[in-house]
Amino acid sequence: MNESEILDIYQKVGGFRAGHFVFVSGLHADTYINKNAVYPYTGEISKICLDIANKFKGQNIDVVVGPSTGGIILSQWVAHHLSQIEGKDVYSVYADKDGEGFVIKRGYEDIVKNHTVLVVEDLVTTGGSLKKVIAEAQRVGGTVAGAVAVVNRGGVTADMIGNPPTFISLLNVHLEQWPQAECELCQADIPVNTDVGHGKEFLSKK
Ligand SMILES: [Zn+2]
């Protein structure tokens, strides 16, 4: 799939919205990405994950690891498709949130150990979570062969996530955001969206 096909899917399910948004960081923007909007549509998720599986065909992936929460769903579908493509059991496990980090537990560490691992994540902004999950997979004895972000909105590169041999982003989005004082939408009195993001809190403090 090319970038515009991925973008089409996210737009179709309402994952990309134009308007006037306030993020938790306090910054304002004209675009909001709701990565979770796509998960109810299993057909679309399956298509995206088949695309990821095809990109790692023949690379001996044994286990797909996704960080909680969205990554779990991706991990399941990618492993399912890779199992069919490779004609073997490719396992799907997930990393639990653990304070600011991630931990592979529940016995999944034994599945990752001494195996070739693919790490999948839905949205990266700084790449921090992906970097932590890659490090965790290595800590429990896995060999990370690659990492995937479905949407990369922060220009994240392989060196920002610990240099896995392959890092693929299916859709790269350049997201403009500004402090409130520089927000042209505020200056133009465009109403702040209160359905998503931090708009409601912003307005209540005004
Ligand atoms: Zn604004």
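This report walks through a zinc site, a sheet and a few buried residues in a predicted model.

**The zinc site**

Let's start with the metal. Four protein atoms hold the zinc ion: NE2 of His20, ND1 of His28, SG of Cys183 and SG of Cys186, at 2.0 to 2.4 Å from the ion. Why is the arrangement called tetrahedral? The angles between the 4 donor atoms run from 101 to 117°, and four donors count as tetrahedral if all angles lie between 85 and 135 degrees. For comparison, the ideal angle for four tetrahedral donors is 109.5 degrees.

Now look at where these donors sit along the chain. Their spacing follows the pattern H-x7-H-x154-C-x2-C. Histidine 28 belongs to strand S2 (residues 28–33), while cysteine 183 is in the loop between strand S9 (177–178) and helix H6 (184–187), so this pair links parts of the chain that are 155 residues apart. Histidine 28 counts as buried because its relative accessibility is 0%, under the 20% limit. Cysteine 183 is buried too, again with 0% relative accessibility.

**The hairpin of S1 and S2**

Strand S2 has a partner: strand S1 (residues 16–22) pairs with S2 in the antiparallel sense, over 5 bridges. One of the matched pairs is phenylalanine 21 with alanine 29 in S2. Between the two strands of this hairpin there are 5 residues, and glycine 26 has a positive phi near 95°.

**The open sheet**

Elsewhere, 6 strands form an open sheet with mixed pairing, in the order S5-S4-S3-S6-S7-S8. Which strands are at the edges? They are strand S5 (101–103) and strand S8 (167–172), each pairing on one side only. On average, neighbouring strands here are turned by 25° against each other, ignoring direction. In general, strands of a sheet pair through backbone hydrogen bonds, either parallel or antiparallel. Strand S7 (residues 143–152) and S8 go for the parallel option, with 5 bridges. Asparagine 152 stands opposite asparagine 172 in S8. Helix H1 (residues 3–12) packs on the sheet, where it touches S7 and S8, and its direction makes about 60° with that of S8.

**Three buried residues**

Here are three residues from other places in the chain, with their relative accessibility.

| Residue | Place | Relative accessibility |
|---|---|---|
| Valine 90 | loop between helix H3 (70–86) and strand S4 (91–98) | 7%, buried |
| Glutamate 44 | helix H2 (residues 42–55) | 11%, buried |
| Valine 120 | strand S6 (residues 116–124) | 1%, buried |

What does valine 90 touch, leaving aside neighbours within four places in sequence? Its contacts are Ile61, Asp62, Val63, Val64, Ala79, Leu82 and Ser83. The C-alpha atoms of valine 90 and isoleucine 61 are 7.0 Å apart, although 29 residues separate the two along the chain.

Valine 120 tells a similar kind of story. Its C-alpha atom is 6.3 Å from that of serine 75, a residue 45 places away along the chain. Not counting residues up to four places away in sequence, valine 120 touches a list of residues including Ile52, Val64, Pro67, Leu74, Ser75 and Val148.

Glutamate 44 adds a polar contact to the picture: its side chain and that of lysine 12 are joined at 2.9 Å. Leaving out residues up to four places away in sequence, glutamate 44 touches Ile9, Lys12 and Val38.

How values were computed: Residues are numbered from 1 along each chain as its sequence is written. This is a predicted model: local features need pLDDT of at least 70, side-chain atom pairs count only at pLDDT 80 or more; totals for chains, interfaces and linings use all residues. Side-chain values use heavy atoms; hydrogens and water are left out. Donors are N, O and S atoms within 2.8 Å of the metal (3.2 Å for Na, K and Ca); water is not among the atoms, so sites may look incomplete. Four donors count as tetrahedral if all angles lie between 85 and 135 degrees; four count as square planar and six as octahedral if opposite donors are over 155 degrees apart and all others between 65 and 115; anything else is irregular. Helices (H or I, at least four residues) and strands (E, at least two) are DSSP runs, numbered from the N terminus. Buried means under 20% relative accessible area, exposed over 50%, partly exposed in between (1.4 Å probe, protein chains only). Two strands pair if DSSP finds at least two bridges between them. Contact means heavy atoms within 4.5 Å. Axes are lines fitted to C-alpha atoms, for helices over the stretch in contact, and angles run from 0 to 180 degrees between N-to-C directions. A polar contact is a pair of N or O atoms within 3.5 Å; within protein, one must be able to donate a hydrogen and the other to accept it, and residues adjacent in sequence count only if both atoms are side-chain atoms.
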